[in-house]
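Here are some exercises to work through with the model open beside you. Try each task before you read its solution.

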Amino acid sequence: MPDLLAHALIAYTIATVASWRYEWITRPYVTVAMAGAFIPDMTKVMLLIPSARVEQLLGIPFDWIGLHTAGAALCSVFIGVLLVSESERRRVFVLLSAGAASHLIADAFLLKPTGLSYPLLWPFTRIHPPTPGLYLSTDIEPSIVFGAIALIVYIITQLQTDRASS
């Protein structure tokens, strides 16, 4: 899944660059942002349990794609925030949200046959925004590009750390 790697690299880059400005964003918090980037891909559970099967079991309309929206990501972030101590909640909220948002925004650039993205801001709106169609989720190139960017950010961070310690 090259797109999952790309999402982790994007979140790593965003959180690491933010750590240059905000000292409280330490390595564990960078990891929180990366975990946030995986939140919208909870829809991949449909590979194990198809939506039609859940619909059949519940007797109501059901589709896993709802988990890949801003509303579901926000609910998941709130659940994640409840799992940490009260003193960490604000920071975890910010970083989980940043990771999830980076994922949703990156997926809004995917190539779709209709030229329209998924309902990104559901349940706030059902609008399917147009997508520029820059890449497919199976393309390896975005992972290579984001990997190179993440490596550059890592090297810069290490140089800053070395300079600050000496």
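**Exercise 1. Getting oriented**

Task: Work out how many helices and how many strands the protein chain has, and in what order the elements run.

Solution: Start with the count: this predicted model shows six helices and zero strands in the protein chain. Next, walk along from the N terminus, and the elements read α-α-α-α-α-α. Finally, put a box around the C-alpha atoms along the principal axes, and the box comes out at roughly 65 × 40 × 30 Å.

**Exercise 2. How α2 meets α5**

Task: Describe the packing of helix α2 against α5, using the axes first and the residues afterwards.

Solution: You'll want two numbers to begin with. Two packed helices are described by the angle between their axes and the distance between the axes.

Step 1. The axes of α2, which covers residues 27-38, and α5 come within 6 Å, and they cross at roughly 45°.

Step 2. Turn the angle into a word. Angles under 35 degrees count as roughly parallel, and 65 to 115 as roughly perpendicular. The crossing angle therefore makes α2 oblique to α5.

Step 3. Add the hand: α2 and α5 cross in a right-handed way.

Step 4. List who touches whom. From α2 come Tyr29, Val32, Ala33, Ala35, Gly36 and Ala37, and across from them in α5 sit Arg91, Val92, Leu95, Leu96, Gly99, Ala100 and His103. Sorted by class, the residues of this contact are nine nonpolar, three polar and one charged.

Step 5. Zoom in on one residue. Val32 belongs to helix α2. Leaving out residues up to four places away in sequence, Val32 touches Val92, Leu95 and Leu96. While you're there, check Ala11: its C-alpha atom lies 9.2 Å from that of Val32, with the two residues 21 residues apart along the chain.

**Exercise 3. How α4 meets α5**

Task: Repeat the analysis for α4 and α5, and decide which orientation word fits the pair.

Solution: Step 1. Helix α4 spans residues 70-82, and its axis and that of α5 come within 9 Å, crossing at roughly 150°.

Step 2. The cut-off you need is 145 degrees, since angles over 145 count as roughly antiparallel. So α4 and α5 are roughly antiparallel to each other.

Step 3. For the hand, α4 passes α5 in a right-handed crossing.

Step 4. On the α4 side the contact uses Ala70, Ala73, Leu74, Val77, Phe78, Gly80, Val81 and Leu82, and on the α5 side Arg89, Val92, Phe93, Leu96, Ser97, Ala100 and Leu104. The class tally for this contact is 12 nonpolar, two polar and one charged.

**Exercise 4. The enclosed space**

Task: Find the largest cavity, give its volume, and say which helices line it.

Solution: Step 1. Counting cavities of 30 Å³ or more gives one. The largest cavity holds about 90 Å³ of space.

Step 2. Its lining has 15 residues, and those nearest the centre are Asp3, Ala6, His7, Tyr135 and Pro142.

Step 3. At least two lining residues each come from α1 (2-21), α5 (89-107) and α6 (141-165). The largest share is that of α1, with five residues.

Step 4. By class, nine nonpolar, three polar and three charged residues line this cavity.

**Exercise 5. The open pockets**

Task: Characterise the largest pocket and the second largest pocket by volume and by lining.

Solution: Step 1. The largest pocket comes to about 420 Å³. It is lined by 17 residues, with Thr16, Ser19, Arg27, Thr157 and Thr161 closest to its centre. Two or more lining residues come from each of α1, α2 and α6, and α6 has the largest share, six residues. The classes are seven nonpolar, eight polar and two charged.

Step 2. The second largest pocket has about 270 Å³. Here 14 residues form the lining, and Lys44, His68, Asp107, Leu110 and Lys112 lie nearest the centre. This lining splits into six nonpolar, three polar and five charged residues.

**Exercise 6. An odd peptide bond**

Task: Which residues does the cis peptide bond join?

Solution: Step 1. Recall the background: most peptide bonds are trans.

Step 2. Look at Trp122 and Pro123, which are joined by a cis peptide bond with omega of about 10°.

Step 3. Place it on the chain: Pro123 sits in the loop between α5 and α6.

Key:
Residues numbered from 1 in each chain as written. Predicted model: local features only at pLDDT ≥ 70, side-chain atom pairs only at ≥ 80, totals over all residues. Heavy atoms only, no water. 1 Å grid on protein atoms, 1.4 Å probe; cavity = no way out; pocket = protein on both sides within 12 Å on 5 of 7 lines; lining within 4 Å. Points joined across faces, edges and corners; volume = space filled by probe spheres on them. Helix = DSSP H or I, 4+ residues; strand = E, 2+ residues; numbered from the N terminus. Nonpolar A, V, L, I, M, F, W, Y, C, P; charged D, E, K, R; others polar. Axes fitted to C-alpha atoms, helices over the stretch in contact; angles between N-to-C directions. Left-handed = near helix turned anticlockwise from the far one by under 90°. Contact = heavy atoms within 4.5 Å.
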